[in-house]
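Please look through the sequence and the model below before reading on. The paragraphs that follow go from single residues to a helix and then to the nonpolar interior.

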Amino acid sequence: MEEYHYNLKLASRIANQLSIISPRNSNYENLKKIDVAKNIFKNYGNIGGLDHPIQKMIITNFLDLRLSYYYVRFSKMPNVYYYFIENNSFKIMVKKYDNDYFIGIFSGVFYIIQDLIFKVNSNTVDSKLSITNFRNNISFDQKDESNLFKNNNALFHENIPLFQVIFQTIFTHELCHIIRGHLDLKENEKLSRSELQTLEMDADSFSVNYFFIFNIEHQIINKETSFLKLSKKNIETLENYLFYTYIFLRFQNLNKFEINKTPNLRHPPTIIRLKFIIDNILSILELKVLEKEKLLHFASNNIPQIIKKAEETYLKITYDSEKLINFIELFDSKEFDEYKIKIFSNWNKLRDKLVNYSISDLPEKNNF
Ligand SMILES: [Zn+2]
């Protein structure tokens with residue numbers, strides 16, 4: 001949905017330097033606002049959360065770096081503070097207070113990502129994820145910490161880049177709700193469920209685009225044409241991204257698409273989110289990649305293979321006893337087009353309102 005911004009290498013470099021000196025998101029600023037944050041999140045848990053100081057520092061530095069980037073990229077960016085909250089649910093939320101935005105990252109997010117990377121890479125046959133309340137509210141089972149990275153620093157360090165990509169994806173989705181004015185629009189106007197789904201898709205799309213900017217694009221090889229060479233490393237990064245995105249979405253019921261169920265949902269059906277994310281990746285690649293053959297190969301071979309592998313892994317590391325889902329069959333729905341048209345027409349209407357709140361460019365209206 002979003003136009004791909006690619007001329008950002010300089011900003012990124014500046015952001016890298018700024019992260020050392022930027023006062024806007026330093027720990028000092030965060031401390032000043034901590035009483036506000038405590039109050040905002042009091043119903044969910046105490047501020048604090050992560051108990052391993054080195055791991056907390058690594059992830060905090062990384063998120064500071066990302067935030068600095070957006071401060072440079074969007075000059076009108078409001079103050080954004082983020083806090084870890086002692087709560088084992090897999091949840092991240094944004095609240096507004098006095099024109100500042102507060103992101104609460106539940107410690108469950110951190111632990112579940114760790115646990116997932118750990119179990120995916122484990123050779124033990126029977127290593128299931130330490131999660132409870134499956135399906136409704138995913139929550140980390142604190143009782144079972146035996147396999148967490150805190151007992152295995154080497155494995156943690158080996159997987160830091162992957163850990164950061166996953167974290168960044170979730171964080172950027174929330175930032176989009178701030179940057180593109182979704183939160184302010186919701187504050188001022190009652191939106192239908194279908195419109196809320198449209199905003200969620202915009203946030204997914206924003207997150208996919210910045211995944212590219214941060215992880216693939218800086219590897220542009222042919223500077224003159226600024227086309228990407230889909231190197232082995234690019235492909236690996238993309239596959240990892242899809243693999244983990246699939247598993248996270250799979251936690252939330254992956255069913256065949258039924259349009260008559262969609263009007264009641266706050267979030268788009270999982271299958272649609274996944275389909276949009278894949279379409280989004282392919283459209284960026286189509287725009288950026290010179291080698292059409294490689295692109296075609298990626299779409300018709302790598303993607304189905306990686307989805308299949310993710311599905312098999314998912315069944316291996318959870319107690320979910322359903323049979324293997326055939327993703328391609330799930331996609332095969334005529335109702336999908338009907339839904340897509342609805343989302344597109346929602347976007348065209350919402351876009352006119354979002355221009356009043358968004359601090360970034362918005363994706364153009366759709367013709368259909
Ligand atoms: Zn969202």
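In which helix does alanine 37 lie? In this predicted model, alanine 37 belongs to helix H3, which covers residues 34-40. Alanine 37 counts as buried because 22 other C-beta atoms lie within 10 Å, where 20 or more are required for that label. Once its neighbours within four places in sequence are set aside, alanine 37 is in contact with Ile47, Tyr81, Tyr83 and Phe102. Isoleucine 103 is 66 residues from alanine 37 along the chain, and the C-alpha atoms of the two are separated by 9.0 Å.

A second residue to follow is aspartate 202, which is found in helix H9, residues 193-215. Aspartate 202 has 24 C-beta neighbours inside 10 Å and therefore counts as buried. From C-alpha to C-alpha, aspartate 202 and histidine 177 are 8.7 Å apart in space, although 25 residues apart in sequence. The helix around aspartate 202 is mostly covered, since 18 of the 23 residues of H9 are buried. The length of H9 can also be checked: at 1.5 Å a residue, its 23 residues should span 33 Å, and because the end C-alpha atoms are 33 Å apart, the two values agree.

The last step is the nonpolar interior. The largest nonpolar core has 67 residues, of which Ile105, Val109, Ile112 and Ile113 touch the most other members. Valine 109, not counting residues up to four places away in sequence, touches Phe90, Ile92 and Ile170. There is also a second, separate core of five residues, among them Met201, Ile343, Trp347 and Leu354.

Notes. Residues numbered from 1 in each chain as written. Predicted model: local features only at pLDDT ≥ 70, side-chain atom pairs only at ≥ 80, totals over all residues. Helix = DSSP H or I, 4+ residues; strand = E, 2+ residues; numbered from the N terminus. Buried ≥ 20, exposed ≤ 12 C-beta atoms within 10 Å, placed from the backbone. Contact = placed C-beta atoms within 7 Å. Expected span 1.5 Å × (residues − 1). Core = buried A, V, L, I, M, F, W, Y, C linked by C-beta atoms within 7 Å.
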